[in-house]
Amino acid sequence: MTLSEGKVRLKTGAKRASLTLLQAAAICLLAWLAHALVLYLALPVPGGVVGLGVLLALLSLKWVPEKALQAGAAWLLGDLLLFFIPPVISVIQYEAMIEQYGARMLGFLVAGSVTVLLGTGWVVDKAFKFERGLHLARAGGRL
């Protein structure tokens, strides 16, 4: 590899990384705005759910193209495991509270996780079927 090829690779990598960070920041900004909206309107749903709905609407209406958030979303999903480190540290820090309320908290965590997983799976399934229908309709129009 020559020096000029290395510079080109470095520029391309830096451009891709900055684009990914910008997209991830946009997703975080949307989540923060949705959370602020939920707090302001005192809505009984979490801000993440509102943010997901807004993002789904923006993508469905094509006001935000899929490619505008694809790299940032892939990066966030790929490093999702890192978001579990703070809860693990808090478990170590509040050991007495965990001993007193641990079983009840574990029950709520499992029930909440199952609910979120089922809800997410249902939404992804519906979105996938909707997207597949659009794709088939486009392909049918071309034939």
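The second largest pocket of this predicted model has a volume of about 180 Å³. Its lining is made of Pro87, Ser90, Val91, Tyr94, Met97, Ile98, Gly102, Met105, Leu106 and Leu109. Two helices, α4 (85–93) and α5, each give two or more residues to this lining, and α5 gives the most, with six residues. Sorted by class, the lining holds eight nonpolar and two polar residues, while no charged residue takes part.

The largest pocket contains about 2,100 Å³ of space. Of the 38 residues that line this pocket, Leu52, Leu55, Leu59, Leu77 and Val124 are the closest to its centre. Four helices give two or more residues to the lining of the largest pocket, namely α1 (3–41), α2 (47–60), α3 (67–78) and α5 (95–142). Once again it is helix α5 that deserves a look, as α5 gives the most to the lining of the largest pocket, with 13 residues. By class, the lining of the largest pocket divides into 26 nonpolar, seven polar and five charged residues. A reader tracing helix α5 in the structure will thus meet the top contributor to the lining of the largest pocket and to that of the second largest pocket.

Attention can now turn from the pockets to the surface. Here Leu37, Tyr40, Leu41, Leu43, Val45 and Val49 form a nonpolar patch. Together, these six side chains' residues have about 580 Å² of accessible area. Helix α1 gives the most to the nonpolar patch, with three residues. One of the patch members, leucine 37, has its place in helix α1. Is leucine 37 exposed or partly exposed? Leucine 37 counts as partly exposed because its relative accessibility is 39%, and the exposed class begins only over 50%.

Two loop residues are worth finding next, and both can be described by their backbone angle phi. Alanine 42 has a positive phi of about 55°, although alanine 42 is not a glycine. This residue is found in the loop between α1 and α2. With a relative accessibility of 64%, alanine 42 counts as exposed. Lysine 62 also has a positive phi, in this case of about 60°, and lysine 62 is not a glycine either. The loop between α2 and α3 is where lysine 62 is found. Lysine 62 is exposed too, as its relative accessible area is 59%.

The last feature is a pairing of charges. Side chains of opposite charge can pair when their charged atoms come close. How many salt bridges does the model have? The count comes to one salt bridge. In this salt bridge, the side chains of lysine 129 and aspartate 125 meet, with 3.4 Å from N to O. That distance satisfies the rule, because a salt bridge needs the nitrogen within 4 Å of a carboxyl oxygen. Where do the two partners sit along the chain? Lysine 129 and aspartate 125 are four residues apart in helix α5, so about one helical turn separates them. Aspartate 125 counts as partly exposed because its relative accessible area is 33%, a value that lies between the limits of 20% for buried and 50% for exposed.

Terms used
Residues are numbered from 1 along each chain as its sequence is written. This is a predicted model: local features need pLDDT of at least 70, side-chain atom pairs count only at pLDDT 80 or more; totals for chains, interfaces and linings use all residues. Side-chain values use heavy atoms; hydrogens and water are left out. On a 1 Å grid over the protein atoms alone, a cavity is a set of points where a 1.4 Å probe fits but cannot get out, and a pocket is an open set with protein on both sides within 12 Å along at least five of seven lines; lining residues have an atom within 4 Å of a point. Grid points are joined across faces, edges and corners, and a volume is the space filled by probe spheres set on the points. Ala, Val, Leu, Ile, Met, Phe, Trp, Tyr, Cys and Pro count as nonpolar, Asp, Glu, Lys and Arg as charged, and the others, Gly among them, as polar. Patches are made of residues with over 30% relative accessible area and no salt bridge: like charges are joined within 9 Å, nonpolar side chains (Val, Leu, Ile, Met, Phe, Trp, Tyr) within 5 Å. Accessible areas come from the Shrake-Rupley method with a 1.4 Å probe; for residues, only the protein chains shown count as cover. Buried means under 20% relative accessible area, exposed over 50%, partly exposed in between (1.4 Å probe, protein chains only).
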